[in-house]
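Student: I should like to go through this structure with you and ask, for each term applied to it, what justifies the term.

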Amino acid sequence: MAEILGSTFLFEGVPTNEISEIIREFSCEEKSYLKGEIIFSPEKFRRVLGVVLSGKIAVTKGRLSVSELSVGSLFGAAALFNNEPEYASTLTAKTAAKVLYFSQEAILTLINRDERIRMNYIRYLSARIRFLSEKVDTLGEISSEKRLARFLLKNADDKGQVSGCNFSEIAGRLGIGRASLYRELTKLEEAGVIRKDKNGVQILDPEKLSQP
């Protein structure tokens, strides 16, 4: 468990023996969830910081798929130190999952007494702001075609392969219907820009895909 926490933004640079001591000191709660179980919702949540120990968790806002959390991902910062009556999104266990929770008091104590953790937390919040800003930019694009092109270019590996999520998930992340997504993919495939395969999408002409 300490090894997983050491891979997160929050405990970067903190030795695993110190992390183990922190877990014991604050009696951190470990909780298991079944596939499909709601972890947080706008109406039901806790003011804690969660760390995913195993499994995958889907983050949605209404019908929009925002992101997917996996081992080492953090969540809960949006509600940790404010008094808003609702949480910003819904978190659902995409597979069976385990989460370790740090209380508000524990996080406050840690960032007050440990400069490493304090700076890590600030960097984590800055990264979240950047992620959400990019998400707004993507959703603000005029056409679904531009949204799709940006998504493919950003998520392609060094060989131009986009994998790891199915077309329904891509549609959710882009905030468009599956029918619209299929139409745009077909247009790009017929133009020789991409090729759909069993692994996802292969980008054949990144230069053309990046054109405005």
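Tutor: The model is a predicted one. One sheet has 4 strands in the order β1-β8-β3-β6, is open, and pairs in the antiparallel sense.

Student: Why do β1 and β6 stand at the edges of the sheet?

Tutor: β1 (29–33) and β6 (74–75) each have a single partner strand, so one side of each is left without a neighbour in the sheet.

Student: What makes β3 and β6 a pair?

Tutor: Two strands pair if there are at least two bridges between them. Strand β3 (residues 48–54) is joined to β6 by 2 bridges, and the two run antiparallel; the criterion of at least two bridges is therefore met. Within this pairing, leucine 74 of β6 is the bridge partner of valine 51.

Student: Which helix packs on this sheet, and which strands are touched?

Tutor: Helix α4 (residues 104–113) touches β3 and β8 (97–103), and its direction makes about 65 degrees with that of β8.

Student: How do you know that β7 pairs with β2 and with β4?

Tutor: The requirement is again at least two bridges. Strand β2 (residues 38–40) and β7 share 2 bridges in the antiparallel sense, and strand β4 (residues 57–61) is joined to β7 by 4 bridges, also running antiparallel. Leucine 91 of β7 is the bridge partner of phenylalanine 40, and valine 59 stands opposite leucine 91 as well.

Student: Which residues of β7 point one way, and which the other?

Tutor: In strand β7 (residues 90–93), Thr90 and Thr92 point one way, Leu91 and Ala93 point the other way, and all are buried.

Student: What is the strand order of the open sheet of 3 strands, and which helix lies across β10 and β11?

Tutor: The order is β9-β11-β10, with antiparallel pairing. β9 (161–162) and β10 (194–197) are the edge strands, because each has a single partner strand and one side without a neighbour in the sheet. β9 and strand β11 (residues 200–203) run antiparallel and are joined by 2 bridges, with glutamine 161 opposite glutamine 202 in β11. Helix α8 lies across β10 and β11 and runs at about 120 degrees to β10.

Student: Why are α7 and α8 called roughly perpendicular?

Tutor: The axes of helix α7 (residues 167–174) and helix α8 (residues 178–190) cross at roughly 105 degrees and come within 9 Å. Angles of 65 to 115 degrees count as roughly perpendicular, and α7 and α8 are therefore described in that way. Phe167, Ser168, Ile170 and Ala171 of α7 meet Arg178, Leu181, Tyr182 and Leu185 of α8. By class, this contact has 6 nonpolar, 1 polar and 1 charged residues.

Student: Why is glutamate 184 called buried?

Tutor: Buried means under 20% relative accessible area. Glutamate 184 has 12%, and is therefore buried. This residue is found in helix α8; leaving aside neighbours within four places in sequence, glutamate 184 is in contact with Ser144, Glu145 and Leu148. Ser144 and Leu148 are among the buried residues of α6.

Student: What span does helix α6 reach, and what is expected?

Tutor: Helix α6 (residues 144–155) has 12 residues and reaches 16 Å from its first C-alpha to its last, close to the 16 Å expected at 1.5 Å a residue.

Student: How many helices and strands does the protein chain have, and what share of its residues is buried?

Tutor: The protein chain has 9 helices and 11 strands, and buried residues make up 42% of its 212 residues.

Methods. Residues are numbered from 1 along each chain as its sequence is written. This is a predicted model: local features need pLDDT of at least 70, side-chain atom pairs count only at pLDDT 80 or more; totals for chains, interfaces and linings use all residues. Side-chain values use heavy atoms; hydrogens and water are left out. Axes are lines fitted to C-alpha atoms, for helices over the stretch in contact, and angles run from 0 to 180 degrees between N-to-C directions. Angles under 35 degrees count as roughly parallel, over 145 as roughly antiparallel, 65 to 115 as roughly perpendicular and the rest as oblique. Contact means heavy atoms within 4.5 Å. Ala, Val, Leu, Ile, Met, Phe, Trp, Tyr, Cys and Pro count as nonpolar, Asp, Glu, Lys and Arg as charged, and the others, Gly among them, as polar. The expected span of a helix is 1.5 Å times one less than its number of residues. Buried means under 20% relative accessible area, exposed over 50%, partly exposed in between (1.4 Å probe, protein chains only).
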